[in-house]
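I opened the notebook to look up how this chain is put together. My plan was to begin with the core and work outwards.

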Amino acid sequence: MSRQPTEYVEEGRPSRCSLVLYYTWKLCTCLFSHVALVSLVVAYCLLGAITFQNLESENELKVKKNISKIRHNVTEELWRLFQEAPVLILVNWTDTVKERLQIFETDLLRSMKSDGWDGSEAEKVEQWTFSGALFYSIIVITTIEVLHVPAGCMGGGGSSPKLGTTGLTCLSRVGLDCE
């Protein structure tokens, strides 16, 4: 019995073996590309969380110590003003204290706006824990920008998400069946 040069058994229909191989290949391609995409996204989130935690926790602690130092300095200065006044004249002392408290208020607002102070001075309470950093990393990756998908790719001529603002365009193209 001679074999036909092609895998066709009857009038243009593929054999069962070729169908099994074809669909197995399609299944593996689909599974591995999606597993790779999900693995890369999870790795990006975890690595981002570790990076954010290491970078930001030191700064957060430094800002909290600076706020405590500023508060201590204001308290000491107000106490010194009170002790040095031979006669406590309400208007003069009040004006001096008011000026100093306005400087303190400006320092607090600057720390909140530019240094990221959250209002807490407790050094053991951290905003940049691993879970907080992971949440931030997920927020960054879900910032989606739309890119054009080439017409030869699956869904041709449509749009493709670009993950985050870090240029991870390649992640959004994993699994596209471009011809």
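Entry 1, the core. The model is a predicted one. I looked up the largest nonpolar core and found 7 residues in it: Val63, Ile67, Ile70, Val74, Phe104, Leu108 and Trp117. Two elements, α1 and α2, each give two or more residues to this core. The largest share, 4 residues, comes from α1.

Entry 2, one core residue. I picked Ile70 and asked which residues it contacts, leaving aside its neighbours within four places in sequence. I noted Phe104, Asp107 and Arg110.

Entry 3, helix α2. This helix covers residues 90-113, which is 24 residues. From its first C-alpha to its last I read 34 Å, close to the 34 Å expected at 1.5 Å a residue. Which residues of α2 are buried? I listed Val97, Arg100, Phe104, Leu108 and Ser111. These buried residues pack against α1, which spans 16-84.

Entry 4, an annotation. An unreviewed UniProt entry marks residues 31-52 as "transmembrane region". I checked that span in the model and found 100% helix and 0% strand. Its end C-alpha atoms lie 31 Å apart.

Entry 5, the whole chain. I counted 4 helices and 4 strands. From the N terminus on, their order is β-β-α-α-α-β-β-α. Of the 179 residues, 20% count as buried. The chain exposes about 13,300 Å², and carbon and sulfur atoms supply 63% of that area. Last, I looked at contacts with a separation of 6 or more: residues 24 or more positions apart account for 59% of them.

Methods:
Residues are numbered from 1 along each chain as its sequence is written. This is a predicted model: local features need pLDDT of at least 70, side-chain atom pairs count only at pLDDT 80 or more; totals for chains, interfaces and linings use all residues. Side-chain values use heavy atoms; hydrogens and water are left out. UniProt positions are given in the numbering used here, feature names are shortened, and annotations may be inferred rather than shown by experiment. The expected span of a helix is 1.5 Å times one less than its number of residues. Buried means under 20% relative accessible area, exposed over 50%, partly exposed in between (1.4 Å probe, protein chains only). Contact means heavy atoms within 4.5 Å. A nonpolar core is a set of buried Ala, Val, Leu, Ile, Met, Phe, Trp, Tyr and Cys residues joined through side-chain atoms within 4.5 Å. Accessible areas come from the Shrake-Rupley method with a 1.4 Å probe; for residues, only the protein chains shown count as cover.
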